[in-house]
Amino acid sequence: MTRTSRILATVMTGLLMLGATGCRNSDQDDRLPADYVGAAYGDLGGGKPVDADAARLVGPHFEVRYTSGEVSDHTNDYRYAAKGYELVTLYAELDLIPPRFATADSVPKAVIVVDGVRRELPQVPYLGVSASVPLGHDAYLQITDEARTQSLNLRTGERGTDAIEAYYRPQRVSFTPSSYQGSAASRYRAARLVATVTVSLGDNGGTLEPWLPDIGWAAKGHLWLYIPKADVQGRVYTDNAREIDDRLLLATLLTFQYVPDRVAMFALTYAGGRSAPLPRPAASALITSQPLLFEVPESISSGTLVVDPVEHLKADYATAPITWTRRFPTTALAWTLTS
């Protein structure tokens, strides 16, 4: 827990204890309603540790992880459950986990279900949740995000069978190496042409995702391998621009733009298969960093990203075909799941 969280926990604990002191002598017949649900903040020591990996729900726009839980007849501020009822509670650490693809328009819906009856929550209970249940009964937190619902048992701290398993397996993809640099050469008339391509996948690599914005859920049995920042740059230059075309008005310029074909130059290989990138909006001279996206089997765990640039130039200024005497090297970037 961070220093800020410890301070916040201390302050909240003090406030709750002050509230408890003022309530201890109150009439305990003034009890919580039998269908009570509410947020729970700060485990004051009554909770028992739960498996934080099991007591965790993740969706496209949210993540909750609870670390302790308890069953009691009262809340931390000594509000008592109705007669014949008890409170089942899960607590989280005070450090919030940032949602994955949060937007103002995408707000997950949360409810508590007890004996088949739904009780609405105003928002996802990131810091903790408590529900009144008949003695010995279970309560389930259900969170619906992008039309798919996942459940968590508040009494046991375990996910339900409706969990989207792809969120609870290793997801982060690491590339070795994470860059490529190559060149190709040709003669055209009396000019020598050289094309270069550089690729950088950045330090963060990629992730396996069951859902992505603007694309949606992957097909059953598949995932998206998403590389958010694939910087691909290409250029072509010549030592004799005038020989490219006698009519070329900008003959004194020695550099021409070459935009690599991001679909044709990449392939993802893995045990038993090979995938091409999904077509994305074309890069331009001003936009070189765009995501790469592949559809892959959900059983995937490692493979290679093959980089094989295409030498074809959209050379409207050329009056004859360009034959490349030296091709771009083909390189395989190994990738594995790291977490």
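1. Let's start with aspartate 77, which is partly exposed in this predicted model, with a relative accessible area of 22%. Aspartate 77 forms a salt bridge with arginine 79, and the closest N and O atoms of the two are 3.1 Å apart. Arginine 79 is partly exposed as well, its relative accessible area being 36%.

2. Next comes a pair on which you may want to centre the view. Arginine 65 makes a salt bridge with aspartate 53, with 3.3 Å between the closest N and O atoms. Arginine 65 belongs to strand β4 (residues 62-72), while aspartate 53 sits in the loop between β2 (48-49) and β3 (56-59), so the bridge ties together parts that are 12 residues apart in sequence. As for its surroundings, arginine 65 is partly exposed, at 27% relative accessible area.

3. Then there is a pair of exposed residues. Arginine 118 and glutamate 120 are both exposed, and their side chains meet in a salt bridge with an N to O distance of 3.9 Å. For this pair the cut-off is worth keeping in mind: a salt bridge is counted within 4 Å.

4. Which residues are joined into one network by salt bridges that share partners? They are Asp53, Arg56, Glu63 and Arg65. Across the whole structure, the search finds seven salt bridges.

5. Now for the strands. Five of them make an open sheet with antiparallel pairing, in the order β7-β6-β9-β10-β11. The edges are taken by β7 (117-120) and β11 (158-159); each has a single partner strand, so one side of each is left without a neighbour in the sheet.

6. Within that sheet, have a look at β9 and β10. Strand β9 (residues 140-145) pairs with strand β10 (residues 148-153) in the antiparallel sense, over six bridges. To trace the pairing on screen, begin at tyrosine 140, whose bridge partner in β10 is asparagine 153.

7. Finally, some totals for the chain. How many helices and strands does its secondary structure come to? The count is one helix and 25 strands. Of the 339 residues in the chain, 43% are buried. Among contacts with a separation of 6 or more, 69% are between residues 24 or more positions apart. The accessible surface of the chain is about 17,800 Å², and carbon and sulfur atoms account for 52% of that surface.

Methods: Residues numbered from 1 in each chain as written. Predicted model: local features only at pLDDT ≥ 70, side-chain atom pairs only at ≥ 80, totals over all residues. Heavy atoms only, no water. Helix = DSSP H or I, 4+ residues; strand = E, 2+ residues; numbered from the N terminus. Buried < 20%, exposed > 50% of the residue type's maximum accessible area, 1.4 Å probe, protein only. Pairing = 2+ DSSP bridges. Contact = heavy atoms within 4.5 Å. Areas by Shrake-Rupley, 256 points an atom, 1.4 Å probe, with all protein chains shown as cover.
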